[in-house]
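Here is a set of short exercises to work through with the model open on your screen. Try each task yourself, then compare your steps with the solution below it.

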Amino acid sequence: MKKKNEVVAAINVGSDFLRMSIAQLHSDGTLRILEDTSLPNNIGKDTFTTRRISPKTINETCIRLKSFAKLMKDYEVKVYRAIATSGLHEADNRDYIIEQIRLIAGIHVEIVNNLQERFLIYKALRNYLNEVDHIDLADSIIANITSGGVEVSMYAADGLKFTEHLKLGPLRLREVLSSLEAKTISFPRIMEEYIESKIYLLKPKLKKMPIKKFICLGGSLSILLQITKMEQQAYISKESFDNLYFQVRDLSSDQMIEAFNITLAEAELLLPTILIIHSLLSRTKAKGIHAPMITNRQGILYGLIDSLHEIQRKTNDANDIISSVWYLAEKYGVDEKHAAYVEKMSIELFEKTWKYHKLGDQEKLYLQVAAILHDSGNYVSLSEHSNHSSDIIRSQSILGFSDKELELIANIAKYHTTTMIPTYLDQSYYVLSHTEKILVSKLSSILKIAESMDISHKQKISDFEILSSSDDELHLHLISNKDIILEK
């Protein structure tokens with residue numbers, strides 16, 4: 001049994017820093033930070049230039065993480081979660097490094113994709129906005145600026161509408177364009193042109209949605225707050241930001257160091273950070289920038305609380321995921337009434353047959369996503385649409401899911417028709433582990449029944465009951481006042 005006030009740790013193996021937060025968790029869903037610590041590293045610099053992390057950087061990283069392990073031991077931490085983000089995720093030799101960290105530092109590191117990191121950030125952000133700033137996310141844009149990329153999400157009144165990852169992080173920009181800096185006197189303009197070329201997919205969406213609130217996240221925001229002397233308010237007016245934008249565009253790194261009393265590393269990242277924010281902010285109606293200093297480590301800590309206690313945040317997290325999935329369904333022309341009905345029936349079947357499958361909330365979420373997107377393949381072709389649905393899901397960026405989880409959901413959706421049955425001849429099913437094969441088979445069976453209940457796309461069945469007639473049979477009693485011979 002878990003202790004109510006357990007001390008836990010969250011570690012982020014980032015592109016430019018190793019960071020750890022040690023906190024005491026409380027059963028009411030709150031936490032108290034006991035210690036925050038960070039150490040620099042060159043993971044991102046190596047990855048973004050050569051796609052491989054050097055032996056020197058590997059050794060330094062392991063030694064520094066070993067000091068984290070010692071600190072956790074001092075605090076008697078038994079539960080922790082350590083993640084690695086884009087710097088390690090994109091390195092060709094990442095698996096060797098993860099193993100070296102395990103052997104030398106004794107820390108098991110989980111490589112997360114951009115979607116999973118974004119999910120952690122939003123978990124922490126939602127808690128902050130509800131408890132501190134009391135900001136509603138409706139009509140807002142969230143730009144999470146990390147060293148290697150920018151995660152952009154847009155919220156409407158009914159929830160998360162769009163989320164996208166752009167490989168535009170300040171450190172990545174510096175490394176990619178560094179060879180051009182000495183060849184031009186207009187390096188800021190070159191950098192702006194590069195940024196504009198990468199955000200072209202966002203432009204129509206930004207234009208379409210009435211964005212009134214701009215929320216910016218990331219460690220680099222602390223420098224902006226420091227320069228504008230807005231650390232306490234965590235808010236920068238558009239006027240103040242525009243003044244800083246025009247000032248920084250005309251300064252060299254050395255001049256920034258002198259003008260703002262910052263380090264060389266901070267100065268080199270200041271220009272690309274400001275240019276990225278300006279490109280996004282200028283396309284909104286926001287009057288300023290909300291800059292709460294939220295970290296993915298806080299998201300990890302809140303996730304650890306959620307795993308120990310029944311907290312409402314779980315529902316909010318799932319709602320964000322489902323809202324973004326419905327955005328994808330609309331994008332691929334899914335029949336909304338049919339998909340919503342199949343989703344509803346799938347969930348009811350899952351809950352009413354729980355004693356037979358005994359799966360949990362996360363697996364129910366997989367089923368729900370597969371139900372919403374099961375017919376998305378019709379966008380490609382009406383012939384063999386289930387295969388196309390599977391391919392579409394596999395290629396999407398769905399908030400909060402790992403690459404492996406997307407593969408599971410793709411397989412669940414693939415087998416929703418009466419003609420498709422999981423088989424070892426199917427490579428996408430064959431490569432799954434035994435446990436994953438059973439999971440896909442169970443959930444696709446539920447989805448197959450839910451789909452059959454609306455084969456006419458007219459939602460004729462109002463309810464159903466599960467009747468058990470023997471140990472190896474389940475009978476469904478369908479409730480309807482219409483002719484349902486096709487569904488039967």
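**Exercise 1. Charges over rings**

Find the ring that the charged end of Lys-352 sits over, and give the distance to its centre.

*Solution.* Step 1: the ring belongs to Phe-464, and the charged end of Lys-352 sits over it at 4.3 Å from the centre. Step 2: apply the criterion, which asks for NZ of Lys or CZ of Arg within 6 Å of the ring centre and within 35 degrees of the ring normal. Step 3: look at another case, Lys-437, which lies over the face of Tyr-430 at 5.9 Å from the ring centre.

Before you go on, a word on the source: this is a predicted model, in which local features need pLDDT of at least 70 and side-chain atom pairs count only at pLDDT 80 or more, while totals for chains, interfaces and linings use all residues. Residues are numbered from 1 along each chain as its sequence is written, and side-chain values use heavy atoms, with hydrogens and water left out.

**Exercise 2. Aromatic pairs**

Describe the geometry of the pair Tyr-122 and Tyr-155, and say where each ring is placed.

*Solution.* Step 1: count the pairs; the whole structure has seven aromatic pairs, where rings of Phe, Tyr and Trp (its six-membered ring) pair if their centres lie within 6.5 Å. Step 2: the centres of Tyr-122 and Tyr-155 are 6.4 Å apart with 70° between the planes, an edge-to-face pair (planes under 30 degrees apart count as stacked, over 60 as edge-to-face and the rest as tilted). Step 3: locate the partners, with Tyr-122 in helix α5 (residues 114-133) and Tyr-155 in strand β7 (residues 150-156), 33 residues apart. Helices (H or I, at least four residues) and strands (E, at least two) are DSSP runs, numbered from the N terminus. Step 4: check burial; Tyr-122 is buried at 4% relative accessibility, and Tyr-155 is buried at 3%. Here buried means under 20% relative accessible area, exposed over 50%, and partly exposed in between (1.4 Å probe, protein chains only).

Now classify the pair Tyr-424 and Tyr-429.

*Solution.* Step 1: the ring centres are 6.2 Å apart and the planes meet at 40°, so the pair is tilted. Step 2: Tyr-424 is exposed at 55%, whereas Tyr-429 is buried at 7%. Step 3: widen the view, and Tyr-415, Tyr-424, Tyr-429 and Tyr-430 form one aromatic cluster.

**Exercise 3. Salt bridges**

Which residue forms a salt bridge with Arg-172?

*Solution.* Step 1: recall the idea that side chains of opposite charge can pair when their charged atoms come close. The cut-off used is a side-chain nitrogen of Lys or Arg within 4 Å of a carboxyl oxygen of Asp or Glu. Step 2: the structure holds 20 salt bridges. Step 3: Arg-172 pairs with Glu-90, the closest N and O atoms being 2.8 Å apart. Step 4: this pair links distant parts of the chain, with Arg-172 in helix α6 and Glu-90 in the loop between α3 (86-89) and α4 (94-105), 82 residues apart. Step 5: Arg-172 is buried at 10%, and Glu-90 is buried at 11%.

Compare the sequence spacing in two further bridges, Arg-249 with Glu-192 and Asp-242 with Lys-238.

*Solution.* Step 1: in the bridge between Arg-249 and Glu-192, the closest N and O atoms are 3.0 Å apart. Arg-249 lies in the loop between α10 (238-248) and α11 (253-260) and Glu-192 in helix α7 (residues 187-198), so the bridge ties together parts that are 57 residues apart in sequence. Step 2: Asp-242 and Lys-238 meet at 3.1 Å, N to O. Both lie in helix α10, four residues apart, about one turn of the helix. Step 3: Asp-242 is buried at 18%, while Lys-238 is partly exposed at 27%.

**Exercise 4. A buried glycine**

Is Gly-169 buried or exposed, and where does it lie?

*Solution.* Step 1: Gly-169 is in the loop between β8 (159-166) and α6 (170-181). Step 2: Gly-169 counts as buried because its relative accessibility is 0%. Step 3: beyond its neighbours within four places in sequence, Gly-169 has contacts (heavy atoms within 4.5 Å) that include Thr-146, Val-150 and Ile-276.
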